[in-house]
Each structure stands twice: as C-alpha cells, then as structure tokens.
Amino acid sequence: MSVNDELTSVQRCLDDLYRSVGRLEQQMGTGGLEIRRVRTDADHLRESVALLREAAATTVSARRVELVTISDTPYDSSLWTDSDDEGLGARGRHAP
C-alpha cells in the first residue's frame, strides 16, 4: 500500500473511533475525567494524522527533482590544463 492509502485507512479507523467515543459519551455522560481524556486523546490522534498527511505531501513533492540534460559533446580540453590526474599527480612532475 502507498503512504496515502495507509493514511486514508488510519483516517477511517479514527473516524470510527470518534463515533464510538461519541456513543460512549452519550451513555456515560461527558462529565467524567476518563471520557474527557479519551476524547482529548482522539482529538490529538486526528491532529497527528493531519500533520502526517501534510508531511507526506511535502515529501512527495520534494522527491520530484527537475532533471538536467547533459550534452554528449566533449568538453573543451582547455578546462583540464594544470589539473592533477587523480592518483598520478600533475603532468610533467615526478614523484620524489
């Protein structure tokens, strides 16, 4: 499953949880500390999933990198004057 599918599945489960907490509140009343804590925790989970959705959206858009075309024509050899060959040193010089 993709991240978006997983987040949608989590969102559905949270919606079910939210409905169940609502039914519990109707049966038990909203005055108890326990039910308020459960409601607050459910709210925090909703906020966290919303933040995950935003983070997933930015991650997906950040992955789309603009491609740069590199020409097949050879580079100008004057670019390499006075350069060192890796592991060999500069041209015309000898190792000690």
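## Close-up views of a predicted two-helix model

**View 1. Helix 1 from end to end.** With 26 residues at 1.5 Å a residue, helix 1 should span 38 Å, and the 37 Å between its end C-alpha atoms agrees with that. The model is predicted. Helix 1 covers residues 3-28. Its buried residues are L7, L14, V21 and E25. After the helix comes G29, with a positive phi near 90°.

**View 2. The whole chain, for orientation.** The protein has two helices and two strands. Read from the N terminus, their order is α-α-β-β. Helix 2 takes in residues 33-63, and strand 1 residues 84-85. How much of the protein is buried? Of its 96 residues, 10% count as buried. The accessible surface amounts to about 8,600 Å². Carbon and sulfur atoms hold 55% of that surface. Consider the contacts between residues at least 6 apart in sequence: 56% of them join residues at least 24 apart.

**View 3. E25 and R39, a buried charged pair.** Three salt bridges turn up in a search of the whole structure. One of them joins the side chains of E25 and R39, at 2.7 Å from N to O. E25 lies in helix 1 and R39 in helix 2, so this pair ties together parts 14 residues apart in sequence. The two side chains also count as a polar contact, at 2.7 Å. Are these partners buried or exposed? E25 has a relative accessible area of 18%, which means that it counts as buried, the cut-off being under 20%. R39 is buried as well, at 17% relative accessibility.

**View 4. The surroundings of E25 and R39.** This view adds the neighbours of the pair, leaving out residues up to four places away in sequence. Which residues does R39 touch? Its contacts are Y18, V21, G22 and E25. One of these, V21, is a buried residue of helix 1. E25 touches T30, I35 and R39. E25 and R39 thus appear in each other's contact lists, and E25 itself is among the buried residues of helix 1.

**View 5. D15 and R46, a second link between the helices.** R46 forms a salt bridge with D15; their closest N and O atoms are 3.0 Å apart. The pair links distant parts of the chain, with R46 in helix 2, D15 in helix 1, and their positions 31 residues apart in sequence. How far apart are the C-alpha atoms of D15 and R46? They are separated by 8.7 Å. D15 is partly exposed, at 23% relative accessibility. R46 also counts as partly exposed, at 30%. Side chains of opposite charge can pair when their charged atoms come close.

**View 6. D16 and R19, a pair within helix 1.** D16 forms a salt bridge with R19. Their closest N and O atoms are 2.2 Å apart. Where do the two residues sit relative to each other along helix 1? They are three residues apart in that helix, so about one helical turn separates them. D16 is partly exposed, with 41% relative accessibility. R19 is partly exposed too, with a relative accessible area of 47%.

**View 7. A nonpolar patch on the surface.** Which residues form the patch? They are V68, I70, Y75, L79 and W80. Together these residues have about 640 Å² of accessible area. Y75 sits in the loop between helix 2 and strand 1. Is Y75 buried or exposed? Its relative accessibility is 60%, and it counts as exposed because the cut-off is over 50%.

**View 8. The three salt bridges side by side.** The search of the whole structure gives three salt bridges. E25 in helix 1 pairs with R39 in helix 2. D15 in helix 1 pairs with R46 in helix 2. D16 and R19 both belong to helix 1. The partners E25 and R39 are buried. D15 and R46 are partly exposed. So are D16 and R19.

Key: Residues are numbered from 1 along each chain as its sequence is written. This is a predicted model: local features need pLDDT of at least 70, side-chain atom pairs count only at pLDDT 80 or more; totals for chains, interfaces and linings use all residues. Side-chain values use heavy atoms; hydrogens and water are left out. Helices (H or I, at least four residues) and strands (E, at least two) are DSSP runs, numbered from the N terminus. Buried means under 20% relative accessible area, exposed over 50%, partly exposed in between (1.4 Å probe, protein chains only). Contact means heavy atoms within 4.5 Å. Accessible areas come from the Shrake-Rupley method with a 1.4 Å probe; for residues, only the protein chains shown count as cover. Patches are made of residues with over 30% relative accessible area and no salt bridge: like charges are joined within 9 Å, nonpolar side chains (Val, Leu, Ile, Met, Phe, Trp, Tyr) within 5 Å. A salt bridge is a side-chain nitrogen of Lys or Arg within 4 Å of a carboxyl oxygen of Asp or Glu. A polar contact is a pair of N or O atoms within 3.5 Å; within protein, one must be able to donate a hydrogen and the other to accept it, and residues adjacent in sequence count only if both atoms are side-chain atoms. The expected span of a helix is 1.5 Å times one less than its number of residues.
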